[in-house]
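Me: I am new to this structure and would like to learn how to read it. Could you take me through some of its features?

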Amino acid sequence: HGGYSSVSVSDKMLMFGGFGGFTGPINDLWEYQTSAGMWAELTPSGALPTSRVAHSAAMMPNKMLVFGGRDGVFRNDLWAYDISAGSWAQLKPAGQLPAARFEQSLVGVAGKMLLFGGGGSSAMIDDLNDVWEYYTNAESWSELSRSWPMPSPRRGHSAQVLADKMLVFAGMGTMGGAVNDLWQFEIELLTASTTPTPSNPRTDTS
């Protein structure tokens with residue numbers, strides 16, 4: 001597999017989609033159980049997301065949410081895998097949606113998800129640096145103001161939540177140049193700042 005997404009929940013990890021070797025994009029769903037030390041392929045009910053790569057996933061209460069990626073075209077659809085029910089469902093958020101993209105980051109925190117950046121098309125000049133919130137209760141997206149200093153447009157970066165901050169690291173910048181900067185986004189204050197890092201530029205980080 002390559003270009004897949006994964007989330008952790010309790011003592012398990014869920015892995016969805018990606019490149020399946022010589023078969024191209026796939027839409028299988030696997031579970032790794034740390035206690036048993038083994039993989040098991042799941043067989044969810046319901047309509048399935050299309051086979052895709054370079055999408056992103058975040059864990060919300062009892063659900064894995066999957067956004068965007070590429071399946072021959074660029075996507076901005078949102079899917080939820082209900083862990084208890086073992087089923088997929090496509091979500092239909094109200095209002096404005098983020099643009100279709102690939103290799104973006106997605107994190108879950110306090111009843112919402114934060115989406116950052118990604119590639120807007122196959123052209124390297126279309127990388128993005130927008131920030132969107134998805135509210136699970138309202139089932140709607142909202143683009144956040146960008147009046148503060150922002151990371152440069154990028155894709156293939158990584159993001160994690162630490163306390164009340166989203167940390168974004170590295171990635172592939174506009175015109176194909178890898179970067180190695182580290183940014184922290186204050187979730188409640190809606191501000192961003194950067195921190196020096198000694199690492200080499202890199203992309204497709206975890």
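Me: Let me start with the rings. Which residues form one aromatic cluster?

Reply: Keep in mind that this is a predicted model. As a general idea, a pair of aromatic rings is described by the distance of the centres and the angle of the planes. In this structure there are six aromatic pairs. One aromatic cluster is made up of Phe 16, Tyr 81 and Trp 88.

Me: Rings can have other partners too. Which charged end sits over the ring of Phe 102?

Reply: That is the charged end of Arg 70, which lies 4.7 Å from the centre of the Phe 102 ring.

Me: Now the strands. How do I read a sheet, and in what order do the strands from β1 to β4 come?

Reply: The general idea is that strands of a sheet pair through backbone hydrogen bonds, either parallel or antiparallel. Here, four strands make an open sheet with the order β1-β2-β3-β4, and their pairing is antiparallel. At the edges are β1 (5–9) and β4 (38–42), each of which pairs on one side only. On average, neighbouring strands of this sheet are turned by 25° against each other, direction ignored.

Me: How many bridges pair β1 with β2?

Reply: There are five bridges between β1 and β2 (residues 12–19), in the antiparallel sense. You can follow the register by looking across the pair: Ser 6 is opposite Met 15 of β2, and Val 9 is opposite Lys 12 of β2. The hairpin of β1 and β2 has two residues between the strands, and Ser 10 takes a positive phi near 55° there.

Me: And what joins β2 to β3?

Reply: Seven bridges join β2 to β3 (residues 25–33), and the two run antiparallel. Met 15 comes up again here, as it stands opposite Trp 30 in β3. This hairpin has five residues between its strands, and Gly 21 in the turn has a positive phi of about 65°.

Me: Which strands form the open sheet that includes β9?

Reply: That open sheet has four strands in the order β9-β10-β11-β12, with antiparallel pairing. Its edge strands are β9 and β12 (140–143), each pairing on one side only. Neighbouring strands in this sheet are turned by 25° against each other on average, direction ignored. Between β9 and β10, which run antiparallel, there are five bridges. To find your place in that pair, look for Ser 105, which stands opposite Phe 116 in β10.

Me: Let me move on to the inside. Which residues have the most contacts inside the largest nonpolar core?

Reply: When you read a core, look for the residues with the most contacts and then for the elements they come from. The largest nonpolar core here has 14 residues, and those with the most contacts inside it are Leu 114, Phe 116, Val 131, Leu 144, Met 166, Val 168 and Phe 185. Two or more residues each come from β9 (105–109), β10 (112–119), β15 (165–173) and β16 (178–186). There is also a second, separate core of 13 residues, including Ala 58, Leu 65, Leu 106 and Met 113.

Me: Now the charges. How many salt bridges does the structure hold?

Reply: The structure holds ten salt bridges. For each one, check the distance and then where the partners sit. In one of them, the side chains of Glu 103 and Arg 155 meet at 3.6 Å, N to O. These partners are 52 residues apart and link distant parts of the chain: Glu 103 is in the loop between β8 (87–91) and β9, while Arg 155 is in β13 (residues 154–155).

Me: Which residues are linked with Arg 155 in a network of salt bridges?

Reply: The network links Glu 103, Asp 127 and Arg 155. Asp 127 forms a salt bridge with Arg 155, with the closest N and O atoms 2.9 Å apart. This pair also links distant parts of the chain, with Asp 127 in β11 (residues 127–135) and Arg 155 in β13, 28 residues apart.

Me: Are the members of this network buried or exposed?

Reply: Buried means under 20% relative accessible area. Arg 155, at 12%, therefore counts as buried, and so does Asp 127, at 7%. Glu 103 is partly exposed, with a relative accessible area of 22%.

Me: Which salt bridge could I compare with that network, and how accessible are its partners?

Reply: Try Asp 164 and Lys 165, whose side chains meet in a salt bridge of 3.4 Å, N to O. Asp 164 is partly exposed at 35% relative accessible area, and Lys 165 counts as partly exposed at 23%.

Definitions and conventions
Residues numbered from 1 in each chain as written. Predicted model: local features only at pLDDT ≥ 70, side-chain atom pairs only at ≥ 80, totals over all residues. Heavy atoms only, no water. Pairing = 2+ DSSP bridges. Axes fitted to C-alpha atoms, helices over the stretch in contact; angles between N-to-C directions. Core = buried A, V, L, I, M, F, W, Y, C linked by side-chain atoms within 4.5 Å. Buried < 20%, exposed > 50% of the residue type's maximum accessible area, 1.4 Å probe, protein only. Salt bridge = Lys/Arg side-chain N within 4 Å of Asp/Glu carboxyl O. Phe/Tyr/Trp six-rings, centres within 6.5 Å; stacked < 30°, edge-to-face > 60°. Lys NZ or Arg CZ within 6 Å of the ring centre and 35° of its normal.
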